[in-house]
Amino acid sequence: MSALVERRVHLALLYDFYGPLLTDRQRRFIELHYHQDWSLGEIAAAFGISRQAVHDLVRRAVAALEEYEARLGLVRRYRRQREAVDSLARCLDQSQQLLAAWQERGDPEDLRRLRLSLRRGRRLAQRLLREV
């Protein structure tokens, strides 16, 4: 993913978590600029203000979102939990495949790998529960 796309995704998450903490005007300008892809000039024309005023307001709104994240860390926590859930899902898929292989062949090595996969899944689930 390119840096620009990653930045947009990050800002979208920040907005999802902290958008209600912004002023109505800040929310409106962020929505227009980032969600509806309006240029700063288009927003300025629509609201009868200068492009620089729009730029400053959007910049301050983004800075406020970043500050909320620095203090509260909700997006960081969400991402960690999401990664753990994705890892747990992969682990369960692997366990299901290993169980099928063991049932088909009865190979003790398949059973050993299944046990390891299940232990890993248990650790991931415990990690998730600690964070909730």
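Visitor: Which residues are exposed on the other side of H3?

Guide: Ala45 and Ala46 are exposed there. Exposed means over 50% relative accessible area, buried under 20%, and partly exposed in between (1.4 Å probe, protein chains only). The helix names refer to DSSP runs (H or I, at least four residues; strands are E, at least two), numbered from the N terminus. This is a predicted model, in which local features need pLDDT of at least 70 and side-chain atom pairs count only at pLDDT 80 or more, while totals for chains, interfaces and linings use all residues. Residues are numbered from 1 along each chain as its sequence is written, and side-chain values use heavy atoms, with hydrogens and water left out.

Visitor: How should the buried residues of H3 be read?

Guide: An α-helix has 3.6 residues a turn, so residues three or four places apart point the same way. In H3, Leu40, Ile43 and Ala44 are buried. Viewed down the axis of H3, these residues fall within an arc of 100° (taken from the directions from the helix axis to the C-beta atoms), so they line one face of the helix. They pack against H2 and H4. After H3 comes Gly48, with a positive phi near 65°.

Visitor: Which residue other than glycine has a positive phi?

Guide: Most residues other than glycine have a negative phi. Here Asp37 has a positive phi, near 60°. Asp37 is placed in the loop between H2 and H3, and its 56% relative accessibility is why Asp37 counts as exposed.

Visitor: Which residues have the most contacts inside the largest nonpolar core?

Guide: A nonpolar core is a set of buried Ala, Val, Leu, Ile, Met, Phe, Trp, Tyr and Cys residues joined through side-chain atoms within 4.5 Å. The largest one here has 20 residues, and Leu14, Leu22, Phe29, Ile30, Val54 and Val58 have the most contacts inside it. Two or more residues of this core come from each of helix H1 (3-18), helix H2 (24-35), helix H3 (40-47) and helix H4 (51-72). H4 contributes the most, seven residues. Apart from this core lies another, of five residues, among them Ala84, Cys91, Leu124 and Leu128.

Visitor: What is Val58 in contact with?

Guide: Contact means heavy atoms within 4.5 Å. Setting aside neighbours within four places in sequence, Val58 touches Phe29, Ile30, His33, Tyr34 and Leu40.

Visitor: At what angle do H2 and H4 pack?

Guide: Axes are lines fitted to C-alpha atoms, for helices over the stretch in contact, and angles run from 0 to 180 degrees between N-to-C directions. Angles under 35 degrees count as roughly parallel, over 145 as roughly antiparallel, 65 to 115 as roughly perpendicular and the rest as oblique. H2 and H4 pack at about 100°, with axes 9 Å apart, so H2 is roughly perpendicular to H4. Among the residues making the contact are Phe29 and Ile30 of H2 and Val54 and Val58 of H4.

Visitor: How do the axes of H1 and H5 cross?

Guide: They come within 9 Å and cross at roughly 110°, so H1 and H5 are roughly perpendicular to each other. The contact includes Leu14 and Phe17 of H1 and Leu74 and Tyr78 of H5.

Visitor: How are H5 and H6 arranged, parallel or antiparallel?

Guide: The axes of helix H5 (residues 74-105) and helix H6 (residues 108-131) come within 8 Å and cross at roughly 160°; H5 and H6 are therefore roughly antiparallel. Arg112 belongs to helix H6 and, at 42% relative accessibility, counts as partly exposed. Its C-alpha atom is separated by 9.4 Å from that of Leu98, 14 residues apart along the chain.
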